[in-house]
Amino acid sequence: MNILVINCGSSSLKYQLLDMSNESVLAIGLAERIGIEGSRIKHEPAGKEKVIFEQPMSDHKVALEIIINALIDKEHGSISSMDEIDAVGHRVVHGGEKFSKSVLINDEVMKGLKECADLAPLHNPPNIMGIEACQDIMPNVPMVAVFDTAFHQTMPESSYIYALPYELYEKYGIRRYGFHGTSHYYVSNRVAEMLDVDLKDIKLITCHLGNGSSISAIKDGKCLDTSMGFTPLEGLAMGTRTGDIDPAAILYVMEKEGLSTAEANDLINKKSGVLGISGISSDFRDIEDAAEAGNEKAQLALDVFHNRAKKYIGSYAALMGGVDVIVFTAGLGENAGLTRSEICKGLEFLGVEIDQEANNVRGKETIISTPNSKVKVVIVPTNEELMIARDTKN
């Protein structure tokens, strides 16, 4: 069974074609600058040279047609015809309360996706465009929507309700939803396999750390709480997002600076986080380099990020009555030994003991805690595309 995994942004389209008989990747690629001058596709078929197609792509349907042609091309392709694509799995950022698990897409589901678009106006509309483009090109191929929010739908009401008038939740669905769910879902299951334990028997904290970051508490195999909220803004300090902040501080800045709602939204989502504190970059590698060179604001940005992550780990351990495993994943979590060691520093009271030599590993499944550590600390590279493909197959 071959499954095409699609992840659409407003002007991009990431894709992977997987052979689910052995879960191998047949091809991977990225269409960039869709609808913009200079559009191109980077296509990497397994076992063959990477190729770049530079040609105009007015919309996602055109991009998808080029991708399909690349997949079946005699020289650069991985399959002989489009008929060899058995199903398509689509990443959808927000499923609201309508979708608590992956679903086979039909007219009713499409209506529900469009109703959820208000909750993620930057993400869901492009996701829907990708689905509609695939439906036009492959009308008889079954398609599945896999939601970033679905894994977190097991949270109890006490974890997801905000202390606002309850009627606002009833009218508008304002609550904590959480994101990166496919990643938290994958790494939690994978670490249980690595450690040869039943996921339902361990208390787990998963740390998805990158330009966008979130932490989840997982108990009895279910998400108990997660750091992102109504939007991906809440929680940790991130590349350009504030994370947790007193809402009154935003209102105060809006009044003092004369900012519109749109300008305030831009401030807290695109100009804040470690970029805002350091004034250097949203890329943690640049900030670490600057901190090593003695830049105090760069060091402060790192300290804020590490402290915030440590606070969430501590609070989630309290919420679950302990923790057995802490998992690091995503760009920073998988590759930044300094980030992992700084976050774990001070968690010795929980029983965390890091093996600094093991912690030098980058991007590999590794236990980085010592044999004597009461809490296992593990690196698990995330694989959201594989999780989407598995859900699509199921």
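These exercises work through a predicted model of one protein chain.

Residues are numbered from 1 along each chain as its sequence is written. Local features need pLDDT of at least 70, side-chain atom pairs count only at pLDDT 80 or more, totals for chains, interfaces and linings use all residues, and side-chain values use heavy atoms, with hydrogens and water left out.

**Exercise 1. The whole chain**

Task: Find how many helices and strands the protein chain has, and compare its radius of gyration with the globule rule.

Solution:
- Step 1. Count the elements. The chain has 14 helices and 14 strands. Helices (H or I, at least four residues) and strands (E, at least two) are DSSP runs, numbered from the N terminus.
- Step 2. Take the radius of gyration. It is 21 Å, close to the 21 Å that the globule rule gives for 394 residues, so the chain is as compact as a globular protein of that length. The radius is taken over C-alpha atoms, and the rule is 2.2 Å times the number of residues to the power 0.38.
- Step 3. Box the chain. Along the principal axes, the C-alpha atoms fill roughly 60 × 55 × 45 Å.
- Step 4. Check burial. Of the 394 residues, 51% count as buried. Buried means under 20% relative accessible area, exposed over 50%, and partly exposed in between (1.4 Å probe, protein chains only).
- Step 5. Check contacts, meaning heavy atoms within 4.5 Å. Among those with a separation of 6 or more, 60% are between residues 24 or more positions apart.

**Exercise 2. An open sheet**

Task: Work out the strand order of the six-stranded open sheet, and state which strands lie at its edges.

Solution:
- Step 1. Read the order: 11-10-9-12-14-13, with mixed pairing. Two strands pair if DSSP finds at least two bridges between them.
- Step 2. Find the edges. Strand 11 (222–226) and strand 13 (366–367) each pair on one side only.
- Step 3. Look at one pair. Strand 9 (residues 203–208) and strand 12 (residues 325–329) run parallel, joined by five bridges. Histidine 208 stands opposite threonine 329 in strand 12.
- Step 4. Add the helix. Helix 11 (residues 296–320) lies across strands 9, 10, 11 and 12, at about 15° to strand 10 (214–219). Axes are lines fitted to C-alpha atoms, for helices over the stretch in contact; angles run from 0 to 180 degrees between N-to-C directions.

**Exercise 3. An enclosed helix**

Task: Explain why helix 13 (residues 337–344) is described as largely enclosed.

Solution:
- Step 1. Count buried residues. Six of the eight are buried, so the rest of the structure largely encloses helix 13.
- Step 2. Name them: Gly337, Thr339, Arg340, Ser341, Ile343 and Cys344.
- Step 3. List what they pack against: helix 10 (284–292), helix 11, strand 12, helix 12 (330–335) and strand 14 (376–379).
- Step 4. Move past the end. Glycine 346, just after helix 13, has a positive phi of about 100°.

**Exercise 4. Helix 6 and positive phi**

Task: Compare the span of helix 6 with its expected value, then inspect aspartate 196 and arginine 33.

Solution:
- Step 1. Compute the span. Its 15 residues should span 21 Å at 1.5 Å a residue, and the end C-alpha atoms are 21 Å apart, which agrees. The expected span is 1.5 Å times one less than the number of residues.
- Step 2. Check burial. Buried residues of helix 6 include His184, Tyr186 and Leu195.
- Step 3. Inspect aspartate 196. Its phi is positive, near 55°, though it is not a glycine. It sits in the loop between helix 6 (181–195) and strand 9. At 70% relative accessibility, aspartate 196 is exposed.
- Step 4. Inspect arginine 33. Its phi is positive, about 60°, and it too is not a glycine. Its loop runs between strand 3 (24–32) and strand 4 (40–45). At 40% relative accessible area, arginine 33 is partly exposed.
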